[in-house]
Amino acid sequence: MSERDHVERNFTIFSRKDDHIIASLIHNVDLGSTWLEKVYIITDSAPEIDLSDVDTSVNFLGKKLSMPLIIGALTGGTELGLKINKILARVAEKCRLGICCGSQRIALENEFARESFKVIREEAPTTLKIANIGAPQVALERNEKKLVDMCLQAIDMIDADALAIHLNPLQECLQYEGEPTFRNLISNIELIVKSLKVPIIVKEVGYGISRITARKLAKIGVTAIEVAGRGGTSFTIIEKYRVKDIIDRELLYLYDTLSELGIPTLLSLCEVYEEFPGKIIASGGIRTGIDIAKTLIFGADMAAIARPFLEKALEGFEKVLKYVERISRELRIVMFLTNSKNIEEFKREANIIVEPSILEVFKIRGLTKCLSRVMKCT
Ligand SMILES: Cc1cc2nc3c(=O)[nH]c(=O)nc-3n(C[C@H](O)[C@H](O)[C@H](O)COP(=O)(O)O)c2cc1C
């Protein structure tokens, strides 16, 4: 058996799913910085409200949520995926958060893998649910009807309110069995946007969406962009651990050299804010309520957190609840300290400063909206 055959046999889509989970749990797979640490929220020591006056709720894609937070796309398709999705869906329903499932390709191709996704609609019947398919799947389908049917099937599987399409060109290049085939992607996404009634969200997986991409997505009428920038989970690191034992050293260096690629979450968010008129979800290395608050100021409507939810889910339902409680409390406190009774007020009125290096980047990249948001602070 050739090395290639050996690799393909062992790295089926099923083992890949659990490999990603295991690699991201046993290794440090965070890489780089989100740049959010270069943003400072200016607090008011004499707020004219009580903490109990603060309301963190938002309306997003037709659903009322307790705060602007989505449990980010993670998994599905395996026994482990089922266990994780069940816990996360229960938390999403109880805490009124949004939830996005992992890529459903595995379940679109294998009927027996569907249970691990269907559990989301069973455990979270009323809250915001987002289905998920990948760019290669979309780009490679040449038959229009089959493309639309595939999306409808993914949506139906979890009774989704929206469909996310993840763009992962670098990840596809790094995966041994990857499919870096994106030629028909934009025209096929446009077709999906025109054919489906549900909102279409386009997301990255940790390398960030630039204004170049945002411009193309705006043109074809995508509803929302999830930036998934650099500074949190890095698939360069995850994929490196997956292939470490089977490829030669020279090729392994590729993972180190390519690890500098990726747009920090703050920059990606600001680029998308400048260019994209639709809804924006900030993600990639978002870890606290304060991180969420900072992204709201720079145009985010929502934030998403992925890998920390995976870690907590493996410790059980209660641990995930506690994590959500902490994030909610952090966001509420920061709103209280900026005199903001609700999210709209906070977005509009909160005072911030950014380090000079960030201001320079705003100027160089022509990010006028973020620049004027910083300058209007009193
Ligand atoms: C184990 C694992 C599996 C993931 N699988 C998917 C996926 O199937 N589809 C997707 O759109 N994103 C996937 N992601 C990417 C996340 O949704 C998110 O964009 C990325 O991890 C950055 O967010 P974080 O720093 O909060 O983890 C996955 C992330 C992890 C850690």
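This is a short walk through the structure above, starting with the barrel and moving outward to the helices and a few single residues.

Okay, hi everyone. One thing up front: what you're looking at is a predicted model. Keep that in mind as we go.

Let's start with the barrel. Eight strands close up into a barrel, in the order 4-5-6-7-8-9-10-11, and the pairing is parallel. Going from one strand to the next, the twist averages 25 degrees. On the sheet sits helix 7, residues 144-158, which touches strand 6 (129-134) and strand 7 (162-166). If you compare directions, helix 7 makes about 145 degrees with strand 6.

Now zoom in on a few neighbouring strands. Strand 9 is residues 224-226 and strand 10 is residues 279-283, and these two pair in the parallel sense over 3 bridges. To find your place there, look for E226, which stands opposite I281 in strand 10. I281 also has a bridge partner in strand 11, and that partner is M302. Strand 10 and strand 11 are parallel too, with 3 bridges.

And where does the barrel close? Strand 4 and strand 11 pair up, again parallel and again over 3 bridges. Here I70 has A304 of strand 11 as its bridge partner.

Stay with strand 11 for a second, residues 302-305. Are its faces covered or open? Both are covered. M302 and A304 are on one side, A303 and I305 are on the other, and all of them are buried.

Right, on to the helices. Helix 3 covers residues 79-95, and here's a little check you can do yourselves. With 17 residues at 1.5 Å a residue, helix 3 should span 24 Å, and its end C-alpha atoms are 25 Å apart, which agrees. Helix 3 has a long list of buried residues, among them G81, I84, N85, L88 and C95. What do those buried residues pack against? Partners include strand 4 (69-71), strand 5 (98-100), helix 2 (13-26) and helix 16 (317-336). Helix 5 (115-123) and helix 15 (307-315) are on that list as well. Just after helix 3 comes R96, with a positive phi of about 55 degrees.

Next, helix 9, residues 185-195. Its buried residues are L185, N188, I189, I192 and V193. Why do we say they're on the same side of helix 9? Because they cover an arc of only 145 degrees around the axis. As a reminder, an α-helix has 3.6 residues a turn, so residues three or four places apart point the same way. The buried residues of helix 9 pack against helix 6 (135-140), helix 7, strand 7 and strand 8 (200-203).

So helix 7 turns up again. The axes of helix 7 and helix 9 come within 10 Å and cross at roughly 65 degrees, and the crossing is right-handed. On the helix 7 side, the contact is made by E144, L147, V148 and C151; on the helix 9 side, by N188, L191, I192 and S195. You'll recognise N188 and I192 from the buried residues of helix 9.

There's another helix pair to look at. Helix 10, residues 211-219, and helix 13, residues 265-275, have axes that come within 8 Å and cross at roughly 35 degrees. This crossing is right-handed too. R211, A214, R215 and A218 from helix 10 meet E271, V272, E274 and E275 from helix 13.

Pick out E274, in helix 13. Leaving aside residues up to four places away in sequence, which residues does E274 touch? They are R211, G366, L367, T368 and K369. By contrast, E274 and Q104 are 31 Å apart, C-alpha to C-alpha, and 170 residues apart in sequence.

Compare that with I22 in helix 2. I22 and Y241 are 219 residues apart along the chain, and their C-alpha atoms are separated by 9.9 Å. I22 counts as partly exposed, at 43% relative accessibility.

Last stop: two loop residues. W35 is in the loop between helix 2 and strand 1 (39-42). W35 isn't a glycine, yet its phi is positive, about 75 degrees. Is W35 buried or exposed? It's in between: partly exposed, with a relative accessible area of 22%. The other is L61, in the loop between strand 2 (58-60) and strand 3 (63-65). Phi of L61 is positive as well, near 50 degrees, and L61 isn't a glycine either.

That's the tour. Thanks, everyone.

Key:
Residues are numbered from 1 along each chain as its sequence is written. This is a predicted model: local features need pLDDT of at least 70, side-chain atom pairs count only at pLDDT 80 or more; totals for chains, interfaces and linings use all residues. Side-chain values use heavy atoms; hydrogens and water are left out. Two strands pair if DSSP finds at least two bridges between them. Helices (H or I, at least four residues) and strands (E, at least two) are DSSP runs, numbered from the N terminus. Axes are lines fitted to C-alpha atoms, for helices over the stretch in contact, and angles run from 0 to 180 degrees between N-to-C directions. Contact means heavy atoms within 4.5 Å. Buried means under 20% relative accessible area, exposed over 50%, partly exposed in between (1.4 Å probe, protein chains only). The arc is that of the directions from the helix axis to the C-beta atoms. The expected span of a helix is 1.5 Å times one less than its number of residues. A crossing is left-handed if the near helix is turned anticlockwise from the far one by less than a right angle, and right-handed if clockwise.
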